Amino acid sequence: MNMTTLTPARTAIDLDLLRDLLVGDAIGPDDEGWDEVRLAWNLAVDQRPAAVVLPESAADVAATVAFAREHALRVAPQGTGHGAAALGSLDDTILLKTERMRGVTIDPETRTARVEAGTIWIEVVEAAAEHGLAALAGSSPDVGVVGYTLGGGLSWLARKHGIGANHVSAIEVVTASGDLVRTDWANEPDLFWALRGGGGSFGVVTAIELELLPIEEVYAGILWYPVDRAAEVLKAWRAWTDDLPDELTSVGRILQFPPIPEIPEPVRGQSFVVVQAIWLGEHAEGDRLLEPLRALGPVLDTVGPTPVSELWRLHMDPEQPVPAVGDGGMLDDVDDHLIDLFVEHVVGAPILSAEIRQLGGAVARRSSQHGAIDAWEAPFITYAVGMAPTPEHGAAVHAAVAALRERIAPWESPHTYLNFAEGRRSAATLFSSASYHRLRRIKAIVDPTDTIRSNHPVPGAG
Ligand SMILES: Cc1cc2nc3c(=O)[nH]c(=O)nc-3n(C[C@H](O)[C@H](O)[C@H](O)COP(=O)(O)OP(=O)(O)OC[C@H]3O[C@@H](n4cnc5c(N)ncnc54)[C@H](O)[C@@H]3O)c2cc1C
């Protein structure tokens, strides 16, 4: 059979025309390096856009967006591709990878960081730490700051300080019309509101200004237990989370490390149930709060003083691109029955990590200052992931994660966190009803032709 008959028709792009507009590069399917440049951080995602653009500047971004509109193409901005699994088909779409637009400027006086579009978290964390400051970074060192923050941004400090999107002071964005605008409380306040939690549907962000916090050290670490105690430990952890202060964040998690060289020797091929804890307070008080979990007799206890700049190690996220399949959702409750089902469907399944994080505290509190994500009512959030080095492994992980989610569906909140949703969800489930309708109205105004494609698109109203 002639393979070309199986290839879907694509819009031919005059890449030379586009290249003439750019300082950066535009690469098409027939160009050298195509298979490398179209990779996402998540290597299990096979991205096949019409072209990839690597902009060097906001001017390159604006030129690309204008070109796309003129040629009836769409633009999908991508920082790293951590969230690429939800993107779907990229036919007739330019994948705009911002990885060359790097840079962090810290202003210690105003405690803010100006961060360029392609910057990853470790770069901000380390730059802020030089001034005794902390950013509301997520668990992974190489997640993109912009993608994470536009989608909400759940850090280890969130129960005390709220989500990252609600600590943004300005966003520079190229809108679908090709204009570069600075949005903040005074300029384009509706667009500023939408970008803070509404995801990547509203323009291509070229830089973002984040508020930093004067935190240098936390009390954090992991209590490790044998996996055959998973149900007992997770039930004890769940009971313990009642009435904790907002300064304490914790995760109950099952880890099943595969026997591969990338996993360090002591835990390679081993499985555990762990509790990860982060305490923002006096050590002695942290020890007092952790006592019930320590009384369970962990085989290893790493909780201790930790520079905030080292917190990215806590979750043991991969530090380089990997092929992975995962998904998550919010939970309206976690009880013993759910934990039994959780353990039953995770232990022995091709799932590397399955976690339940406590929410509540500041992420549950509303404020008129907040962006598109005002507050999350769900008290817990869950996420499960496995390695997918081949499509067969990927299918097995997908089936295992889907079976787990189906089993715990009665506890799942109708509301989902955009950044933890790796499958396509109805946008209506990612926001409160009021936010969703306001986002749709803003999308219709700023991008009436739906040129900008997010991994979790918000459709324009009407
Ligand atoms: C290992 C791992 C750990 C994680 N830990 C956490 C965590 O602790 N807390 C948390 O909240 N989330 C976490 N996430 C989820 C992560 O925040 C999302 O996947 C997020 O979308 C990643 O952003 P990115 O830019 O790296 O990814 P990308 O896939 O590059 O971007 C995701 C989406 O963001 C939008 N976007 C990116 N850049 C731009 C831009 N310049 N302009 C406009 N839109 C843009 C686009 O819609 C894009 O599809 C984790 C994910 C992984 C894989």
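In this predicted model, the side chain of Y417 places an N or O atom 2.5 Å from an oxygen atom of the ligand. The side chain of T80 offers a similar approach, with an N or O atom 2.5 Å from a ligand oxygen. S139 takes part through its backbone instead, where an N or O atom lies 2.8 Å from an oxygen atom of the ligand. With the protein around it, 95% of the 950 Å² of accessible area that the ligand has on its own is covered.

It helps to step back and look at the whole shell. The ligand is surrounded by 31 residues, and G79 and G144 join T80, S139 and Y417 as the closest of them. Sorted by class, the shell holds 17 polar residues, 12 nonpolar ones and two that are charged. Several elements contribute to this lining: strand 3 (74-78), helix 5 (145-151) and strand 9 (204-211) each provide at least two residues. Helix 5 gives the largest share, with four residues.

Attention can now turn to another residue, A26, which is found in strand 1, spanning residues 25-27. A26 counts as buried because its relative accessibility is 3%, under the 20% cut-off. Beyond its neighbours within four places in sequence, A26 is in contact with L15, L18 and R19, as well as with D31, V52 and V53. A further point of reference is T64, which stands 38 residues from A26 along the chain; the C-alpha atoms of A26 and T64 are separated by 9.3 Å.

How values were computed: Residues numbered from 1 in each chain as written. Predicted model: local features only at pLDDT ≥ 70, side-chain atom pairs only at ≥ 80, totals over all residues. Heavy atoms only, no water. Near = heavy atom within 4 Å. Polar contact = N/O pair within 3.5 Å; in protein donor to acceptor, adjacent residues only side chain to side chain. Areas by Shrake-Rupley, 256 points an atom, 1.4 Å probe, with all protein chains shown as cover. Nonpolar A, V, L, I, M, F, W, Y, C, P; charged D, E, K, R; others polar. Buried < 20%, exposed > 50% of the residue type's maximum accessible area, 1.4 Å probe, protein only. Contact = heavy atoms within 4.5 Å.
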